[in-house]
Amino acid sequence: MPKINVIKPSYYDTFQCIGGTCRQSCCSNWNITLSKEEFKKTKKALKSDMIKEIFSDAFVPTSGNSLQKTNTYKMKLKENGDCPFLDEQRLCWIYKDCGPEIMSKTCRIFPRFNMLYDRTRLDCSLTLGCEEVVRLLLEEKEGFLLQTEEKDISFEELSDYENMPSLLFVKKPILKEYYTIRGLVLGILQNREYDMGERMILLGIALQKVHSMEKEEKLEEIPQYVNNFLQNMNKIQNKNVYQQFFENIQGHSRLRALNTLTKYYSIWNLNQLRKDIRTSILTRIDADMKFQASQQQKKEDQEVIFDKVKYHFDGEKYAEAEEYFKNWTKKNPHVLENIIVSLAWQKKIPFAYGKDIWKNYCAFAVMYSIFRFNLAMFITKDTTEEEIIDCIVTTARSILHNDENTKKLEDELEDNESNTLAHMAMLVL
């Protein structure tokens, strides 16, 4: 295979799993699924009788009624949520017994997420769901940086990567401008002439125009538009226009918080946050939930299913937390920026799932609001860097590792007619 252009974060090659010292191990409370091929390969490679015995009772079929008839196998976690192959030092028995090549694909590649574009370029990323990745990311105080190099990639390695199929380029011609538009996203999100909320609005303005060009089949105009937008966004006359636009938005931080909490609960479920972090966030502002059943449910003599959730919190405490976070961000501008830029790079914003650019931006704006809210409500003068890392990781794990939920969010925003630039501006500013 010819050399491939590899694009990766500057800290990508620095990453090394910290194994048993990891506080939020990916070997706990994660559902791992093996293909039939992986299952057979692992079973055949096992050497130790003890590991063979553990393996014999470690999986359940995901379809059919037996391990012989299913096509995929789901790992059974221990009562404490640990992987059955985790030893007393919190290291992997399979890795120790057979080597990394025998591990499941999920275990082998995590926290890496790599995608092959047009069989010529490889995008490499590291997920925020790993604490060591977040630690490395927060060391990048000058901002999230990408590096490019040419590399020989074996066909065996390529099997571990997501591949953007050629047919998708036919169905979505705009993918030919994939890197142009991705450059637009990163260029706006890393522009420190604006605060992060303002950058998110500018990104919405730009992507709304790109989406319009796609619908009008004016794809040839996109490169020039992107170039002009990035070159001109810091010019004084444009900054004045943008500033007027920001001022005209009736920003309401309390409403933004309520919207964020509601979306979090209805789509991802706030309870997926690690309990100590969730408690810290909600206690900070005395937040609680009020459940309401529909009128029809109240009349029926049956078990009530609560279909509405309302959040309440102390407005003064919330305002204090917001003010503290704004001041903290001025001293640490790279933290929220690096999180959001890393998120955009990993999730291929605005091309996640290869669907609608504008819907994808709106989902991204909600994700931004969740990360911002959790950090703003979590960080105090006594919060340590390790605790901040924990908050970022648990937030990432609660919203980033289920693409179905993100698709659901895109559809809900559209169904509620809240996927407009005005709605998104209210949410992020």
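Which residues does Leu189 touch, not counting residues up to four places away in sequence? In this predicted model, the partners of Leu189 are Met196, Arg199, Met200, Leu203, Glu337, Ile340, Val341, Ala344 and Phe364. That list is a handy way into the fold, since Leu189 and Ile340 are the two residues that touch the most other members of the largest nonpolar core. From there, this briefing moves on to ring pairs, sheets and some backbone details.

**Nonpolar cores**

- The largest nonpolar core has 113 residues, and Leu189 and Ile340 have the most contacts with its other members.
- Helix H17, covering residues 357-378, is the top contributor to this core, giving 17 residues.
- A second core is separate from that one and holds 17 residues, among them Phe55, Tyr73, Ile94 and Met103.
- As general background, nonpolar side chains in soluble globular proteins tend to be buried together.

**Aromatic pairs**

- Searching the whole structure turns up 19 aromatic pairs.
- Tyr117 and Tyr178 form a stacked pair, because their ring centres are 5.0 Å apart and their planes meet at 20°, where stacking calls for planes under 30 degrees apart.
- This pair joins distant parts of the chain: Tyr117 belongs to strand E5 (residues 112-117) and Tyr178 to helix H8 (residues 178-189), with their positions 61 residues apart in sequence.
- Both Tyr117 and Tyr178 are buried.
- Phe229 and Tyr242 make a tilted pair, because their ring centres lie 6.4 Å apart with the planes at 40°.
- Phe229 sits in helix H10 (residues 222-232) and Tyr242 in helix H11 (residues 236-248), so this pair ties together parts 13 residues apart in sequence.
- Phe229 and Tyr242 are both buried as well.
- Phe229 and Tyr242 also belong to a cluster linked by ring pairs, together with Tyr194, Tyr225, Phe245 and Phe246.

**Lysines over rings**

- Tyr194, a member of that ring cluster, has Lys239 over its face, at 5.7 Å from the ring centre.
- Elsewhere, Lys96 lies over the face of Trp93, at 4.5 Å from the ring centre.

**The sheet of E2, E4 and E3**

- Three strands make an open antiparallel sheet, in the order E2-E4-E3.
- Strand E2 (33-35) and strand E3 (59-61) are the edge strands, each with a single partner, so one side of each has no neighbour in the sheet.
- From one strand to the next, the twist averages 35°.
- Three bridges hold E3 and strand E4 (residues 72-75) in their antiparallel pairing, and Phe59 stands opposite Met75 in E4.
- Helix H1, residues 36-45, lies across E2, E3 and E4, and it runs at about 90° to E2.

**Strand E6 and its partners**

- How well covered is strand E6 (residues 121-126)? Five of its six residues are buried, so "mostly covered" is a fair description.
- E6 runs parallel to strand E1 (residues 4-9), with three bridges joining them; Val6 stands opposite Leu122 in E6.
- E6 runs antiparallel to E5, with six bridges joining these two strands; here Arg112 stands opposite Leu126 in E6.
- E5 and E6 form a hairpin with three residues between the strands, and Asp118 takes a positive phi near 55° in this hairpin.

**Backbone details to look at**

- As background, most residues other than glycine have a negative phi, and most peptide bonds are trans.
- The peptide bond from Phe110 to Pro111 is cis, with omega near 10°; Pro111 is in the loop between helix H4 (105-109) and E5.
- Ile349 and Pro350 are also joined by a cis peptide bond, with omega about 5°, and Pro350 is in the loop between helix H16 (333-346) and H17.
- Arg90 is not a glycine, yet has a positive phi of about 60°. Its place is the loop between E4 and helix H3 (93-98), and Arg90 is partly exposed, with a relative accessible area of 30%.
- Asp286 is not a glycine either, and its phi is positive at about 55°. This residue is in the loop between helix H13 (275-284) and strand E9 (288-292), and Asp286 is partly exposed, with a relative accessible area of 37%.

Conventions:
Residues numbered from 1 in each chain as written. Predicted model: local features only at pLDDT ≥ 70, side-chain atom pairs only at ≥ 80, totals over all residues. Heavy atoms only, no water. Pairing = 2+ DSSP bridges. Helix = DSSP H or I, 4+ residues; strand = E, 2+ residues; numbered from the N terminus. Axes fitted to C-alpha atoms, helices over the stretch in contact; angles between N-to-C directions. Contact = heavy atoms within 4.5 Å. Phe/Tyr/Trp six-rings, centres within 6.5 Å; stacked < 30°, edge-to-face > 60°. Buried < 20%, exposed > 50% of the residue type's maximum accessible area, 1.4 Å probe, protein only. Lys NZ or Arg CZ within 6 Å of the ring centre and 35° of its normal. Core = buried A, V, L, I, M, F, W, Y, C linked by side-chain atoms within 4.5 Å.
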